[in-house]
Structure formats: C-alpha cells, structure tokens
Amino acid sequence: MYEYELQQLRTSDLIHRADHERLVREAARARRAARHEAGQDSAEHESHSRRFRRLRSARTA
C-alpha cells in the first residue's frame, strides 16, 4: 500500500510539473509573438546595438 501511495504522489507531481512547463512555454511563445508584432509596427530595420556603424575600408599596407 505504501508503494502505491508513493507512486500516486510521484505521478501527480510529474503531471503538475508538465502542466507548469507547458504554461511557461506558452507564455514565452506569447511574449515572442508580441515582440514580433511590435517589431513589425516599428521602424523597418533598426540595429540592435546603439553603436554607430563606421564605414569599412580596405586596410592599407
């Protein structure tokens, strides 16, 4: 009887963890989708860095 109760606890714990991980994945997916939608509405192509791009020229010998 004791092993059966432990198995039931373990099963319910695994189900609870799986539900929690599923919710976390769905929330992350929703945040990514929201960021993607917000990015579509903003300027066309903004750089992710705040540094100014410098013009590249060939190195001199």
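In which helix does L9 lie? L9 lies in helix 1, and the sections below describe that helix, its charged pairs and its surface patches.

## Basis of the model

This is a predicted model, in which local features need pLDDT of at least 70 and side-chain atom pairs count only at pLDDT 80 or more, while totals for chains, interfaces and linings use all residues. Residues are numbered from 1 along each chain as its sequence is written, and side-chain values use heavy atoms, with hydrogens and water left out.

## Overall fold and surface

The chain contains one helix and zero strands, where helices (H or I, at least four residues) and strands (E, at least two) are DSSP runs numbered from the N terminus. Helix 1 covers residues 2–41. Of the 61 residues in the chain, 0% are buried; here buried means under 20% relative accessible area, exposed means over 50%, and partly exposed lies in between, with a 1.4 Å probe and protein chains only.

The accessible surface of the chain is about 6900 Å², and carbon and sulfur atoms account for 53% of that area. Accessible areas come from the Shrake-Rupley method with a 1.4 Å probe, and for residues only the protein chains shown count as cover.

## Salt bridges along helix 1

Side chains of opposite charge can pair when their charged atoms come close. A salt bridge is counted when a side-chain nitrogen of Lys or Arg is within 4 Å of a carboxyl oxygen of Asp or Glu, and the whole structure holds three of them.

D13 takes part in a salt bridge with R10, at 3.8 Å from N to O, and also in one with R17, where the closest N and O atoms are 3.4 Å apart. R10, D13 and R17 are thus named as members of a network of salt bridges. About one helical turn separates R10 from D13, because these two are three residues apart in helix 1; R17 and D13 are likewise separated by about one helical turn, because they are four residues apart in helix 1. D13 counts as partly exposed because its relative accessibility is 29%, and R10 counts as partly exposed at 44%, as does R17 at 47%.

A further salt bridge joins D19 and R22, with the closest N and O atoms 2.8 Å apart. Both residues lie in helix 1, three residues apart, or about one turn of the helix. D19 is partly exposed, with a relative accessible area of 35%, and R22 is partly exposed at 38% relative accessibility.

## Surface patches

Patches are made of residues with over 30% relative accessible area and no salt bridge, with like charges joined within 9 Å and nonpolar side chains (Val, Leu, Ile, Met, Phe, Trp, Tyr) within 5 Å. Y2, L6 and L9 make a nonpolar surface patch of about 350 Å². L9 is exposed because its relative accessible area is 56%.

R25, R29, R31, R32 and R35 form a positive surface patch. Lys and Arg count as positive and Asp and Glu as negative, while His and the chain ends are not counted; the place of a charge is taken as NZ of Lys, CZ of Arg, CG of Asp or CD of Glu. Within this patch, R31 is found in helix 1, and R31 counts as exposed because its relative accessibility is 51%.
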